Amino acid sequence: QLQLVESGGGLVQPGGSLRLSCAASGSSLDYYSIGWFRQAPGKEDEGVSCISNDDGSTYYADSVKGRFTISRDTAKNTVYLQMNSLKPEDTAVYYCAARSAFGPPLFGSSWRVKNDYESWGQGTQVTVSS
């Protein structure tokens, strides 16, 4: 069974950078697209980004486009979220999640549908503050 573990969160000043990692075990990520979501206190969950398992297509929320980059290292079975130019409003717990290549198709804004993800990590806290 696929298990996901996030790491790389922490406290950073506005304008700074962090790289989050989502390490998978139990199965190859070749069969899963990986999404990043975040939850801030008092706010609804937000889909941040997603990378598809087949052609590596990437998807971003408008709020992070141009600042965040999602990537995948198949040899390490890990997905990364490089976050640059961080803002206080990026403060949240960040979760990675996996959706099977054999599940609902990934297209358009479907990457935001949380119910289409079958495995979730425990989350990592990102705090952007001076």
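In the next few minutes I will go through the cysteines of this chain and then its aromatic rings, working throughout from a predicted model.

Let me begin with the cysteines. A disulfide is a covalent bond between the sulfur atoms of two cysteines. In this model the count comes to 1 disulfide, and the partners are Cys22 and Cys96, whose sulfur atoms are placed 2.1 Å apart. The angle about the S-S bond is 75 degrees, and the link between Cys22 and Cys96 is right-handed. What the bond joins are distant parts of the chain, since Cys22 belongs to strand β3, residues 18-25, while Cys96 belongs to strand β9, residues 92-100, with the two positions 74 residues apart in numbering. As for their surroundings, Cys22 has a relative accessibility of 0% and therefore counts as buried, and for Cys96 the value is likewise 0%, so Cys96 is buried as well.

That leaves a question about Cys50: why is the sulfur of Cys50 not in a bond with the closest cysteine sulfur? The closest cysteine sulfur is that of Cys22, and because it lies 11 Å from the sulfur of Cys50, the two are too far apart for a bond, the cut-off applied here being 2.5 Å. Cys50 is nevertheless buried, at 0% relative accessibility.

I turn now to the aromatic rings. The structure holds 4 aromatic pairs, and the one I would like to describe is formed by Phe37 and Trp120, whose ring centres are 5.1 Å apart and whose planes meet at 50 degrees, so that this pair is classed as tilted. Here too the contact connects distant parts of the chain, with Phe37 in strand β4, residues 32-39, and Trp120 in strand β10, residues 119-120, the two being 83 residues apart. Are these two residues buried or exposed? Phe37 is buried, with a relative accessible area of 2%, whereas Trp120, at 33%, is partly exposed. Ring pairs also bring in Tyr117, which together with Phe37 and Trp120 makes up a cluster.

Finally, there are arginines placed over tyrosine rings. Tyr117, which I have just named as a member of the cluster, has Arg99 lying over its face, at 5.2 Å from the ring centre. Elsewhere, Arg19 lies over the face of Tyr80, and in that case the distance to the ring centre is 4.1 Å.

To draw this together, the predicted model has a disulfide between Cys22 and Cys96, a buried Cys50, and a ring cluster of Phe37, Tyr117 and Trp120.

How values were computed:
Residues are numbered from 1 along each chain as its sequence is written. This is a predicted model: local features need pLDDT of at least 70, side-chain atom pairs count only at pLDDT 80 or more; totals for chains, interfaces and linings use all residues. Side-chain values use heavy atoms; hydrogens and water are left out. Helices (H or I, at least four residues) and strands (E, at least two) are DSSP runs, numbered from the N terminus. Buried means under 20% relative accessible area, exposed over 50%, partly exposed in between (1.4 Å probe, protein chains only). Rings of Phe, Tyr and Trp (its six-membered ring) pair if their centres lie within 6.5 Å; planes under 30 degrees apart count as stacked, over 60 as edge-to-face and the rest as tilted. A charge sits over a ring if NZ of Lys or CZ of Arg is within 6 Å of the ring centre and within 35 degrees of the ring normal.
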